Amino acid sequence: MTSHLSALRRSLPLLLALAFLGLSVLSPSRVSARELIFGHGATEETAYHASAERFGELLKQKSHGALSVSIYSNSVLGHETEMFEQQTAGALDFSIVNPGLISEFSHTASIFSIPFLYRDINHWEHVLDGRPGQEIAQRIEDETGVKVLAYYGGSTRQIVSTRPLKSLDDLKGMKLRTNPTKPVITAWSALGTRPTVMAYREIYTGLQLGAIDGLLNEAEWIYRMRFHEVAPHIGLSEHDITVRLLTVSSQTWQSLSPEEQREVQAAADESEQFARDLQIRLDRESREKLKEEGATFYPMDRKRMQAMVAEPLGRVIDEMGLRDLYELIVNTD
């Protein structure tokens, strides 16, 4: 009996080692934690960062600590366009991307630059969560090798002006800072403004000096950037609702096991709703703060605006080869 116990004691370390090796073979992804890199371009007090943190928390929970993310904010890994390029090369795992900045990589991403694309926030959600969103995500992945995991966003864009906006006639001749995308320039030219390109960091001074008369922005950023101090008139055009893409490099995605892919997608899905709810709440709260600080809000005739831009914007949509996606979006219930 004693000899058997002695033999068992001698063999116990070997048995434990074999058992551990067996677990490693059965579940290699669970032996050691894997840290993934998440980059974004906003500061740490923004919805971008809060949403990235929520994604990281959810991923750690769902993977039982096997997957985690290190978040690099404030463009320390590069501008959003540069980070997206890193993802195409497999050098960066996750990012939050403004689709308007990646049109040089993805023709399809330009669909989000078309003004008056959504009827309201409910339509916006149905588009992103339905067939249009699925089709857009697949095309972007096919064009770039970067996978769209979720659609963040939810802020409504308005006109910010140094002068009152009592009617659409007040837009005539306005030097309006816009993004340099063809659909945006075409639409706002049709509305009588003079679209002007200017770096975002120069907008406040540009408004002060009269280099521009206004810009297009959402309430949260009007308030954050203090634009209402020099341009206190806000026209409720609601011409766009922001979309931000939560993306993962295809190389990273393919390196994950099927179980890990399910965990990443589940974390993305849950963080998506968190991100949207947060953005919509911040939009609402920022409008109230703007009113408290003296900004004046003006209702705008959206139907007339849409009618004014329909023909020239339609030509651009056809030129860009986006008619099928556009029709899919506008016909979504």
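## Strand β8 and the nonpolar cores

V146 stands opposite S249 in β8. That pair is a handy way into this predicted model, so to speak, and the rest of the briefing follows β8 to its partner strands and then turns to the nonpolar cores. Strand β8 covers residues 233-249, and it pairs with β3, β4 and β9.

**How covered is β8?**
- Strand β8 is mostly tucked away from the surface, with 16 of its 17 residues buried.

**Who pairs with β8**
- Strand β4 (residues 146-161) runs antiparallel to β8, and 12 bridges link the two.
- Strand β3 (residues 94-97) is also antiparallel to β8, joined to it by 4 bridges.
- Across the β3 pairing, S95 sits opposite T247 of β8.
- Strand β9 (residues 296-299) goes parallel to β8, again through bridges, 4 of them.
- Here I234 has F297 of β9 as its bridge partner.

**The nonpolar cores**
- The largest nonpolar core holds 46 residues, and I159, L171 and W188 are the ones touching the most other members.
- Elements giving two or more residues to this core include strands β4 and β8, along with helices such as α4 (121-129), α5 (131-144) and α6 (182-190).
- Also on that list are α11 (302-319) and α12 (323-330).
- The top contributor to this core is α11, which supplies 5 residues.
- A separate core of 23 residues lies apart from that one, and its members include A42, F55, L58 and Y152.

Conventions. Residues are numbered from 1 along each chain as its sequence is written. This is a predicted model: local features need pLDDT of at least 70, side-chain atom pairs count only at pLDDT 80 or more; totals for chains, interfaces and linings use all residues. Side-chain values use heavy atoms; hydrogens and water are left out. Buried means under 20% relative accessible area, exposed over 50%, partly exposed in between (1.4 Å probe, protein chains only). Two strands pair if DSSP finds at least two bridges between them. A nonpolar core is a set of buried Ala, Val, Leu, Ile, Met, Phe, Trp, Tyr and Cys residues joined through side-chain atoms within 4.5 Å.
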